[in-house]
Amino acid sequence: MIHVEHLRKTFTTRTGRFLSAGRRTHEAVRDVSFHIPRGEIVGYLGPNGAGKSTTVKILTGLLVPDSGAVTVGGLTPWQDRRRHVARLGAVFGQRTTLWWDLPVIESLRLLRHVYRIPHATWQANLTTFTDLLDLGPFLHTPARALSLGQRMRADLAAALLHDPELLFLDEPTVGLDVVAKERIRDFIAHINREREVTVLLTTHDLGDVERLARRVLIIDHGQLLFDGDLARLQAAYGSQRELHVDFDGPVAQPEVPGLTLLSHEPGRATYAFTGAAADPIARVTAHAPVRDLTVREPDIEATIRRIYEGDLLRAGIR
Amino acid sequence: MTTTPAPPTGGHVSRRSRLALPWAVARLGFQRQFAYPQAALWGLITNSFFGLLRVAVLLALFGTRPQVAGYTPQDAITYTGLTQAFIMAFSLFGWFDFMRVIHRGEVASDLLRPASLLGFWAAQDAGRAVGQLVLRGLPMLLIFQVIWGLNWPPGPLAWAQVVLSVLLAWACGFLFRFLVNCAAFWSPDAVGFGRFAWAVLGLGCGFLMPLAFFPEWFRALLAWTPFPGMLNTTVELWVGVTSGAAAWAALGTQLGWTLALLLLCRVTLRAGLRRLEVAGG
């Protein structure tokens, strides 16, 4: 569906004014290549300013790259923009495509004409999405009066009424409560499964990624640092697992041979280990009487943070 | 690669379906004007107040003279009523909507629609203009009619010419406003340029004063600009200062400027979008 080869984009910004004016170039995207097959959900991650939105703008035809080849569904986005965007859907969490002053349904009706959707298709999709996203209670409410969660649901429906093959989601759950987030994630998973919509998800919310994307792309300083599945990322770069132990009273010697002691206080200690938990547990229980213990998995968020902060991938695993 | 056919964005599209989108957009543009009825009411009250003030100033100018530059006092009242009625429909005090969309980067969402950007905005503004004409224009004319009585176009032909002229004045004005807003593609502080442009518009279109009241050399200068066609032409056709062959010539001039501005808008928009494609938002 998406083929990106050796993509490069440089921006030139003017610095200073008048006589002291100079130019500074900034490489937003450097030699990025990836392929996304039809029907996949891919998480596109990176810190702010990493090059995510530049890539998305190129893929949607809004920016022309300096070099490299891009085809989306067989079209070069910026050369055939109108035909290209007719097959896209997009939701940018921070802004809405709904007409602010008018009832939601009016915006959705307009899309029928914008995308020349056959009336039967439009009606069927509207019915389905109204049902899945529970739009019914606010279809006739002006967009300005919607809650953030309602607005996001309406925007999602708006992005999908014309049966796009490819959906760009940018922070689709930003600012939402847990229940609202889950509802949006369920819906995205559903339309991906049922309609084979390819989804490119840019987000800072790793809950979205864990729930929806098996594969992630990580970009920083314009370079693609990782392209693979989440499990591999976690295995290769995840922190160690942790064993939290409550001893049956104070322990004079909390160190246990073969385990790394992370922290301790009287009667309580935390150890780091890799691999299966059986052996470390056996060691700890042999060392001193134990009242309770828990194994805590490293979370994906910590892994990604380590990657951003520590340049873990810069040496390259690709 | 793809199994679903691309939506029909080109090729054989019937005229009816081609007009369906602008019509739908214009309808929403019209409808949204009624979202804030209180604001419209207070706007009307403000316009009426300044309308009264302007009539008082103009009548003082006439003094005991029966005519100034071809205008009778009754014509001057009609002129004031009409210009007050068109303030909102023709956005004579300025319009920064498209500029704002560019500055906020929201133009990206506009470009994700498989539709003509200029066409979309034009349809939206047409709907807005009709909405404002209904909300603010017609009540204003009614108020003037009740207080002073207005001069009305003398017959069906004059009416037809006035209606045509109103359409062209809107088109000409919209294209000028859109063109000015396009400055935002190049400058992050295009608002100042916009303010200057609206000041020129206010003077050049005959909103501040009927153009006939200005010195000959200034009118000759303005005749080389599109501004008279954005309001003054319509008013002169309505009050009958322009009639006969001159009326058709005036309409032709309006049409010519509309086409020229359309071309200029398309070229400028294309250059602006090209800049956006290269330099980013």
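Two residues are in contact here if their C-beta atoms, placed from the backbone, lie within 7 Å. In chain A of this predicted model, contacts between residues at least 6 apart in sequence can be sorted by separation, and 68% of them join residues at least 24 apart. Chain A has 318 residues, of which 40% count as buried. Its secondary structure consists of 10 helices and 13 strands, and its C-alpha trace spans about 75 × 60 × 40 Å along the principal axes.

A sheet in chain A is a convenient place to start. Six strands of chain A, in the order β5-β6-β7-β3-β8-β9, form an open sheet with mixed pairing. At the edges are β5 (88-92) and β9 (223-229) of chain A, each of which pairs on one side only. From one strand to the next, the twist averages 15°.

Within this sheet, strand β3 (residues 41-45) of chain A has β7(A) and β8(A) as neighbours in the strand order. The pairing of β3(A) with strand β7 (residues 198-202) of chain A is parallel and runs over 4 bridges. One position in that pairing is A:Y44, whose bridge partner in β7(A) is A:T202. With strand β8 (residues 215-220) of chain A, β3(A) also pairs in the parallel sense, over 4 bridges. Here A:L45 stands opposite A:I218 of β8(A).

How many of the residues of β3(A) are buried? The count is 5 of the 5, so the strand is largely enclosed by the rest of the structure. The cover extends to both faces of β3(A): A:I41, A:G43 and A:L45 are buried on one side, and A:V42 and A:Y44 are buried on the other. A:Y44 and A:L45 thus appear on opposite sides of the strand, A:Y44 with its bridge partner in β7(A) and A:L45 with its counterpart in β8(A).

Moving on from β8(A) to the edge, the sense of pairing is antiparallel: 6 bridges join β8(A) to β9(A). Among the residues involved is A:D220, whose bridge partner in β9(A) is A:Q223. Towards the other edge of the sheet, helix α5 (residues 148-160) of chain A lies across β5 and β6 (166-170) of chain A. This helix runs at about 165° to β5(A).

Chain B can be followed through its helix packing. Helix α6 (residues 117-147) and helix α7 (residues 156-181) of chain B pack with their axes 11 Å apart, at an angle of about 125°. The two helices α6(B) and α7(B) are therefore oblique to each other, and their crossing is right-handed. On the α6(B) side the residues are B:L118, B:W121, B:A122, B:D125 and B:A129, and they meet B:W170, B:F174 and B:F178 of α7(B). By class, the contact of α6(B) with α7(B) has 7 nonpolar residues, no polar residues and 1 charged residue.

A second helix pair in chain B is made by α3 (residues 73-86) and α10 (residues 232-239), whose axes come within 10 Å and cross at roughly 135°. That angle makes α3(B) oblique to α10(B). The crossing in which α3(B) passes α10(B) is right-handed. From α3(B), the contact takes in B:D75, B:T78, B:Y79, B:L82 and B:T83, while α10(B) supplies B:V235, B:W238 and B:V239. The contact of α3(B) with α10(B) divides by class into 5 nonpolar, 2 polar and 1 charged residues.

Between α9 (216-222) and α10 of chain B is a loop that includes B:T225. Is B:T225 buried, exposed or partly exposed? The residue has 15 other C-beta atoms within 10 Å; a buried residue would need 20 or more and an exposed one 12 or fewer, so B:T225 is partly exposed. B:F178, one of the α7(B) residues that meet α6(B), is 47 residues from B:T225 along the chain, and the C-alpha atoms of these two residues are separated by 16 Å.

The last step is to the interface between the chains. There, 28 residues of chain B are in contact with 30 residues of chain A. On the side of chain B that touches chain A, the elements giving two or more residues are α1 (15-32), α5 (107-111) and α11 (245-279) of chain B. The most comes from α1(B), with 8 residues. By class, this side of chain B has 17 nonpolar, 7 polar and 4 charged residues.

Methods:
Residues are numbered from 1 along each chain as its sequence is written. Chains are lettered from A and ligands numbered from 1 in the order in which they are written. This is a predicted model: local features need pLDDT of at least 70, side-chain atom pairs count only at pLDDT 80 or more; totals for chains, interfaces and linings use all residues. Ala, Val, Leu, Ile, Met, Phe, Trp, Tyr, Cys and Pro count as nonpolar, Asp, Glu, Lys and Arg as charged, and the others, Gly among them, as polar. Two strands pair if DSSP finds at least two bridges between them. Axes are lines fitted to C-alpha atoms, for helices over the stretch in contact, and angles run from 0 to 180 degrees between N-to-C directions. Angles under 35 degrees count as roughly parallel, over 145 as roughly antiparallel, 65 to 115 as roughly perpendicular and the rest as oblique. A crossing is left-handed if the near helix is turned anticlockwise from the far one by less than a right angle, and right-handed if clockwise.
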